[in-house]
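Reader: I should be grateful for a close look at a single part of this structure. Please choose one residue, describe its surroundings, and then place it within the chain.

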Amino acid sequence: MQQLPIGIQNFPEIRERGYAYADKTDMVWHLAHRPKYHFLSRPRRFGKSLLLSTLECYFRGREDLFRGLKLEALQRESGEEWVEHPVVKLSMAGCDGREADEIALLLEEQFDDLDEAYDVDTSKYKRPNIRFARMLKVLHRKYKRRVVVLVDEYDVPLLQTLSPEKRELHEVYREILRSVYMNLKDNDEYIHFGMLTGVSQFSQLTLFSGLNNIRNISLDDGWSTVCGFTEEDIVALFPDHLEALAGQLGCSRDEALERLRNLYDGYCFTPHGQHIYNPFGLMQALDSKYLDCYWMKTGTPSVLQHLLSQQVLDARKLEEGVVVKRHEISTQPVTDGTPIAMLYQTGYLTIKKAIDDSTFLVAFPNREIRTTLAWMMGSKLLGWKEGVRFKLMERLRGFLDAGDIKGFMGAVDPILAGVPYMDAEEGNPIRESNFRNAMYVVLTMLEEPVQVERPSAMGRSDCEVEAAGAIYIFEMKLKRPKGQGSNTPLSALQQIKRKRYGRRLEGVEKPVICVGAVFDGHGGVEFEEMGYEEVMALEVGEE
């Protein structure tokens, strides 16, 4: 069974130690032969660093590392000689966003390493932008070849300082980075090829406006699979690991693949590209033979924390999908923009459908993202700790398994009453948003047996839950302000009929129970439950 390259982003190490490798070197070869500057946005831990490491090896003439790979054949067919270029490879991944001089210290260490590797001395230049410029000129003069520039995670300092309390440091970082990256324009004559990777394309950074010939390939279909694993990759590369996982889970190979797909697949970064699995989560699951939210446990999701602190997320709308324009997700207003671009570029939303060439439907990619967002919202809105969450979910599942809807509603109601702004004036938009998010948290955290926002031909139910003895369809409402009509449990049940929720469940062996509930936000709830056939017999008018 071939060893898995968990967390390894170094191409020489993967090749020399015989780790499993999905051969994407044909794309690397074609990328290296395109004009001149490129930018690729992908979420963290999706293989951007490995891509740059592979490009570095190609430009350094490491022919030995590509034997038997697609790139070797393309190079041979082209008739080109292997040519070695000096390579300046920088990374901003180590910036924690704490001190103003952090970027300078980070780059100083990397420039020192480059001095040693190429036997040059640029140490007398203390400002990082000046030293970078000098490095390009010195290497070009010494090796009589233009320099290749690769910058990994160029935007980490900006992402680490998104919160309001770090706004001043964010602006300091932005100016430092602008001065460093403008070297790509000012020293163009010394550069053979340049590529930057990161999460976001910050529209205010002038890097992209200063470099008129930079190509943002993030949304180009031809590069949709350049990072990450396709399902074809998984089946071809990891048959033994899939069988071992299936054995551990006590299911068939196809069922194990379906469970991997549900948890880690679903990413699509271009309008008509292939779906991609999260490579980090997938590798961890195949190695440990245990399914978990590995990607979200690798670091603090600062972008989500920032957005949650601004109270700008409506999780149920994101679950259903949001229509966006191409330009909205390909540029990132630094601190004051809408959250959709941030969520898309950082991997919490993905393209589900291309409506046309410039309009996309974006939504959550998979269950890992849904569950993690629900947990974070639970912590933010409800103050949940891990132990409290677990006990509460066990209690709610117990009520449903016992068919005790009264007990279930009685447990949910005090949760909602404790949500911030629930004592605000009826009709307050934050009150409405927090109610929807709190319901999303509760229903999503029931986990495996739940389908939140289950689609039908005419709309979506709030939740479908398969319990031990029945399947429940919930439609839950917040009491409307006076003068805006009334929500009643009966009207919620009538909506289930009108929208034909649960039609796919007709003929299932378990009884299907519909529950309509109206919460007042102050500790009171009215609800009514009916069998599915009884609900379908209700008289309803037009909405």
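Author: The account below begins with one lysine and then turns to other parts of the chain. The model is a predicted one.

The residue chosen is K24, which is found in the loop between α1, spanning 11-16, and α2, spanning 25-32. Is K24 buried or exposed? Its relative accessible area is 12%, and because buried means under 20%, K24 is classed as buried. The side chain of this lysine reaches the backbone oxygen of T225, at 2.7 Å. T225 also appears in the list of residues in contact with K24 once neighbours within four places in sequence are left aside; that list consists of T225, V226, G228 and D233.

Helix α1, which precedes the loop of K24, contains E13. With a relative accessibility of 27%, E13 counts as partly exposed. When neighbours within four places in sequence are again set aside, E13 is in contact with I8 and Y19. Between E13 and L65 there are 9.7 Å from C-alpha to C-alpha, and the two are 52 residues apart in sequence.

A helix pair offers a further view of the fold. Helix α5, residues 102-118, packs with helix α8, residues 167-181, at an angle of about 35 degrees, and the two axes are 10 Å apart. On the α5 side the residues involved are E102, I103 and L107, and these meet Y173, I176, L177 and V180 of α8. Sorted by class, this contact holds six nonpolar residues, one charged residue and no polar residues.

Two cysteines may be added to the picture. C57 is buried, at 6% relative accessibility, and C268 is likewise buried, at 4%. The count of disulfides in the model is zero, where the criterion is a pair of cysteine sulfur atoms within 2.5 Å.

These parts belong to a chain of 543 residues, of which 54% are buried, K24 being one of the buried residues. The chain has 24 helices and 15 strands. Among its contacts with a separation of 6 or more, 70% are accounted for by residues 24 or more positions apart. The chain exposes about 23,800 Å², and carbon and sulfur atoms supply 46% of that area.

Note on methods: Residues are numbered from 1 along each chain as its sequence is written. This is a predicted model: local features need pLDDT of at least 70, side-chain atom pairs count only at pLDDT 80 or more; totals for chains, interfaces and linings use all residues. Side-chain values use heavy atoms; hydrogens and water are left out. Axes are lines fitted to C-alpha atoms, for helices over the stretch in contact, and angles run from 0 to 180 degrees between N-to-C directions. Helices (H or I, at least four residues) and strands (E, at least two) are DSSP runs, numbered from the N terminus. Contact means heavy atoms within 4.5 Å. Ala, Val, Leu, Ile, Met, Phe, Trp, Tyr, Cys and Pro count as nonpolar, Asp, Glu, Lys and Arg as charged, and the others, Gly among them, as polar. Buried means under 20% relative accessible area, exposed over 50%, partly exposed in between (1.4 Å probe, protein chains only). A polar contact is a pair of N or O atoms within 3.5 Å; within protein, one must be able to donate a hydrogen and the other to accept it, and residues adjacent in sequence count only if both atoms are side-chain atoms. Accessible areas come from the Shrake-Rupley method with a 1.4 Å probe; for residues, only the protein chains shown count as cover.
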